[in-house]
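Biologist: Please take a close look at one charged pair in this structure, and then set out what surrounds it in the rest of the chain. I should like each step of the reasoning to be plain to a first-year student.

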Amino acid sequence: MAAPLASKAGSAGPTSKPPFPELDFRSGARVEELNKLIQEFTKHDQREYDDQRALEIHTAKDFIFSMLGMVQKLDQKLPVANEYLLLSGGVREGVVDIDLDELNVYARGTDYDMDFTLLVPALKLHDRNQPVTLDMRHSALCHSWLSLRLFDEGTISKWKDCCTIVDHINGATNYFFSPTKVADWFYESISIVLSEIQKKPQRGMPKVEKVEKNGTIISIILGVGSSRMLYDIVPVVSFKGWPAVAQSWLMENHFWDGKITEEEVISGFYLVPACSYKGKKDNEWRLSFARSEVQLKKCISSSLMQAYQACKAIIIKLLSRPKAISPYHLRSMMLWACDRLPASYLAQEDYAAHFLLGLIDDLQHCLVNKMCPNYFIPQCNMLEHLSEDTVMLHARKLSSVRSDPAEHLRTAIEHVKAANRLTLELQRRGSTTSIPSPQSDGGDPNQPDDRLAKKLQQLVTENPGKSISVFINPDDVTRPHFRIDDKFF
C-alpha cells in the first residue's frame, strides 16, 4: 500500500505540520539563516554617516581636487578642464581591473575608515564619434599600447619624457605613452605639491597620513576630524565613445536593455596603467569600462548587490594568497549572471542567500575551468595565465566555503564589526584630534558649512554606494561640480 502523499498530509487543518524550512542542499544550511546573516553583514558594512562625517568626506574630496589642480599648474601636463571619475571603494575592492599583487595591504579600521578610487585622465581623446581603434598589435586581448601620434605636437612635446621611443626603419620616431613613466611622474608631482601644501598648513586642512606609490597607482590616506580616508588615485587615458574591439558586445542582448540607454552605457572608456601577464609594463595599458559599470550598477537589484558584497568580503580574506582572484573577477561573474538569469528572479528581495551560493558556485566553476571572460570583451579570459596548481588550490578553498557558508558569513561579520570597533576606538582616543574639525574655525554654526553638511548627508543617504563624476576647473578649485550618477550638485 502506498504511503499518503506528503502534500496531502501537510495540506490544511489545525494538525498539519509547518512546511519544512528551505535548506541549501550542499551544506544543509537554512536559507532563512543565511539571509539573516547577509542582512547583518550589510548593516555593519554599510554604515550611515552623520552630518559631521559627511562634511569630513566633502573636506577630503575638496583637498584632493585642489591638490590635483595644483599638479596641473605645476607643469601644465594634465588637461586644463579635466573630468575625474570618483568611485566608492578602493582599488583593492575591485572597483577597477588592476592587479593587486603590487599593492601594499591596507585594512579598514586599522589604516582607514572609508576608501575611494579616483580616475584622473592624463590624456583625453574626446572628439571621436566612430568606434575607437587602438594599437593592439603588441598586446594581449583587453590591452593596448598608445601612440602619441593621435595627438597634436604640443601634447607630444609635453609628454615626451613619459614615453618609450621606437624608431622605425623609415626614420620616423614613435612615442608610446608609458603607464609606468606616467605613474612615476604623477607620484613625484603629487609629492611636490603635498610638500608645498604642508609648508603652509591651514586650519581645518586634512592631515596627510600616508602617501605611497603602489605599482602604478598613488595611495593617499587623509585624516579629517575623526575620519581617515583612503584615496587610490589612478592616472588614466580617457576616451569618448566605444572601442572597436568591444563592438560585437553591443550586438548581444543584455540585462540592462530597456532600463538604461545604449548611449549611457557606451559614453566612454579608459586605459588604466596595468599590463597583461606577459605584457611589457612600460608600454601596455588595460582597457577599463568603469564608466559603463557605474551605469550598469543602477540595474542590479539590492539583494544581489548585498550577496555580492558579502561574497567579496569572504573571498578577499580567503583567496588572498597567492593573489590570483580579485574582487573584479567576482564583479564580472555577477554581470554575466545578470545576463543569464531572468530579471524577475534576480529582483526577489529574499533571495540574497540563493545569490550568494550561486556566486560561490560560479567562482568555483570559473576556477576549475580556468575561464573567466571579461564582461565587455568576452574573448579575453582573465584567468588564462594562472597555473593549474593555483586554480585548484583556490577551488578547494571555495569548496570549504560552500560546505559551510553560514560559518564564513559569521567570520565576515566579525571582521567588519572589528573594523568598525577599531574606527570607533581610534575616534574615542582622539587619534586625529590634532586635526581641527572643518567646523571648528569659529563663527556661527549655522553658516553655509553646516547647511552643506546637511545637504551632503542627504546625498549620502539617497545614493548609497553610487559613484561620482567630477568636473573641475583647476583655475577655480574652490568650486568643484560633482555628479552622483546623473544628478549634478
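Modeller: In this predicted model, E388 counts as partly exposed, at 49% relative accessibility. Its partner, K370, is also partly exposed, with a relative accessible area of 22%, a value that falls in this class because buried means under 20%. E388 and K370 form a salt bridge, and their closest N and O atoms are 3.7 Å apart. The pair links distant parts of the chain, since E388 belongs to helix α12 (residues 388-403) and K370 to the loop between α11 and α12, 18 residues apart.

This pair belongs to a wider set, for the structure holds 24 salt bridges. One of them joins D97 to R286, with the closest N and O atoms 3.5 Å apart. D97 lies in the loop between β1 (82-88) and β2 (114-125), whereas R286 lies in strand β10 (residues 285-288), so this salt bridge ties together parts that are 189 residues apart in sequence. D97 is buried, at 13% relative accessible area, and R286 is buried as well, at 6%. Another salt bridge brings together the side chains of R137 and D135, at 2.9 Å from N to O. Here R137 is exposed, at 68% relative accessibility, but D135 is buried, at 16%. Salt bridges also link D24, D361 and R402 in a network.

The cysteines give another kind of evidence. A disulfide is a covalent bond between the sulfur atoms of two cysteines. A search of the whole structure finds 0 disulfides. C142 is in none, and the nearest cysteine sulfur, that of C380, is 4.3 Å away; a disulfide would require the sulfur atoms to be within 2.5 Å. C142 is buried, with a relative accessible area of 2%. For C162, the closest cysteine sulfur is that of C163, at 7.0 Å, which is too far for a bond. C162 is likewise buried, at 2%.

Let us now turn to the interior. In soluble globular proteins, nonpolar side chains tend to be buried together. The largest nonpolar core here has 116 residues, and I64, M67, F177, F186 and I220 have the most contacts inside it. Helix α11 (residues 352-369) gives the most to this core, with 10 residues. Apart from it lies another core, of 17 residues, among them V96, I98, I217 and V236. Beyond its neighbours within four places in sequence, F177 is in contact with several residues, including C162, C163 and W285.

I217 and I220 lead to strand β7 (residues 217-224), in which 8 of 8 residues are buried. Its two faces are both covered: I217, S219, I221 and G223 lie on one side, and I218, I220, L222 and V224 on the other. Strand β6 (residues 207-214) runs antiparallel to β7 and is joined to it by 7 bridges, with E212 opposite S219. In the hairpin of β6 and β7, G215 takes a positive phi near 65°. Strand β8 (residues 227-240) also pairs with β7 in the antiparallel sense, over 7 bridges, and there I220 stands opposite Y231. The hairpin of β7 and β8 has 2 residues between the strands, and G225 in the turn has a positive phi of about 60°.

Notes:
Residues numbered from 1 in each chain as written. Predicted model: local features only at pLDDT ≥ 70, side-chain atom pairs only at ≥ 80, totals over all residues. Heavy atoms only, no water. Buried < 20%, exposed > 50% of the residue type's maximum accessible area, 1.4 Å probe, protein only. Helix = DSSP H or I, 4+ residues; strand = E, 2+ residues; numbered from the N terminus. Pairing = 2+ DSSP bridges. Core = buried A, V, L, I, M, F, W, Y, C linked by side-chain atoms within 4.5 Å. Contact = heavy atoms within 4.5 Å. Salt bridge = Lys/Arg side-chain N within 4 Å of Asp/Glu carboxyl O.
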